[in-house]
Amino acid sequence: MDKSVETISEVFNRPWGYYQNLHGDDNSGFKVKKILVNKGCRLSLQSHEKRSEHWVITQGSADVQVGDEIFSVSKGIHIYIPTKCLHRLTNKGDNELILIETQIGSYLGEDDITRYDDDYDRK
């Protein structure tokens with residue numbers, strides 16, 4: 001295991017649920033997160049300039065928009081989101097949705113988000 005990559009366990013609350021960094025940091029080239037989305041909530045319609053994302057659903061069901069396509073996903077299904085691609089996730093289930101997100105890119109900071117639509121009026 002690469003000991004130069006920090007493992008982080010702090011929980012970051014958001015209006016839709018929370019995320020937790022499991023491994024990696026903003027400049028390590030990859031980062032792994034656990035993301036929990038509350039029932040009836042959705043993430044902003046967004047894109048990233050410097051990273052791609054790979055989502056694996058581990059609990060619940062969702063509609064995921066990637067570009068112009070919408071996919072219905074549930075436990076065990078994975079979705080790839082290329083760099084600069086418009087995307088959004090909506091928890092359509094009766095319970096919390098949990099996914100594991102692997103980010104890959106030259107910079108993985110939270111400020112690499114361009115929001116096009118957001119239920120919580122974030123910029």
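Is phenylalanine 12 buried, partly exposed or exposed? At 23% relative accessibility, phenylalanine 12 counts as partly exposed, and I start with this residue today because it belongs to a stacked pair with tyrosine 19. Before I go further, please keep in mind that this is a predicted model.

The structure holds one aromatic pair. A pair of aromatic rings is described by the distance of the centres and the angle of the planes. For phenylalanine 12 and tyrosine 19 the ring centres are 4.9 Å apart and the planes lie at 15°, so the pair is described as stacked, given that planes under 30 degrees apart count as such. The partner, tyrosine 19, has a relative accessibility of 6% and therefore counts as buried, the limit being under 20%. Tyrosine 19 also has a charged group over its ring, since the charged end of lysine 33 sits there, 4.1 Å from the ring centre.

Let me turn to the nonpolar core. The largest one has 18 residues, and those with the most contacts inside it are Trp16, Val37, Val64, Leu89, Leu97 and Leu99. Two or more residues of this core are given by each of strand 3, strand 5, strand 6, which spans 61-66, strand 8 and strand 10. Strand 6 gives the largest share, three residues.

Now to the cavity. A search of the whole structure finds one cavity of 30 Å³ or more, and its volume is about 220 Å³. There are 20 residues lining it, and the closest to its centre are Trp16, Leu43, Gln46, Glu110 and Ile113. Trp16 is thus named here and also among the core residues with the most contacts. At least two lining residues are supplied by each of strand 3 (30-37), strand 5 (51-59), strand 9 (87-91) and strand 10 (97-105), and the largest share of the lining, three residues, comes from strand 5. What is the make-up of the lining in nonpolar, polar and charged residues? It divides into six nonpolar, five polar and nine charged.

Staying with two of the residues closest to the cavity centre, glutamate 110 is found in the loop between strand 10 and strand 11, and at 29% relative accessibility it counts as partly exposed. Glutamate 110 and glutamine 46 are 64 residues apart in sequence, while their C-alpha atoms are 12 Å apart in space. Leucine 43, for its part, is 72 residues from arginine 115 in sequence and 9.8 Å from it in space, again C-alpha to C-alpha. Arginine 115 lies in strand 11, and with a relative accessibility of 25% it counts as partly exposed.

Finally, a word on the backbone. Most residues other than glycine have a negative phi. Lysine 84 has a positive phi of about 70° although it is not a glycine, and this lysine is found in the loop between strand 8 (78-81) and strand 9. Its relative accessible area is 55%, so lysine 84 is classed as exposed, the limit being over 50%. Aspartate 121, another residue other than glycine, has a positive phi near 55°, and it is found in the segment after strand 11 (114-117). With 68% relative accessibility, aspartate 121 counts as exposed.

Conventions. Residues numbered from 1 in each chain as written. Predicted model: local features only at pLDDT ≥ 70, side-chain atom pairs only at ≥ 80, totals over all residues. Heavy atoms only, no water. 1 Å grid on protein atoms, 1.4 Å probe; cavity = no way out; pocket = protein on both sides within 12 Å on 5 of 7 lines; lining within 4 Å. Points joined across faces, edges and corners; volume = space filled by probe spheres on them. Helix = DSSP H or I, 4+ residues; strand = E, 2+ residues; numbered from the N terminus. Nonpolar A, V, L, I, M, F, W, Y, C, P; charged D, E, K, R; others polar. Buried < 20%, exposed > 50% of the residue type's maximum accessible area, 1.4 Å probe, protein only. Phe/Tyr/Trp six-rings, centres within 6.5 Å; stacked < 30°, edge-to-face > 60°. Lys NZ or Arg CZ within 6 Å of the ring centre and 35° of its normal. Core = buried A, V, L, I, M, F, W, Y, C linked by side-chain atoms within 4.5 Å.
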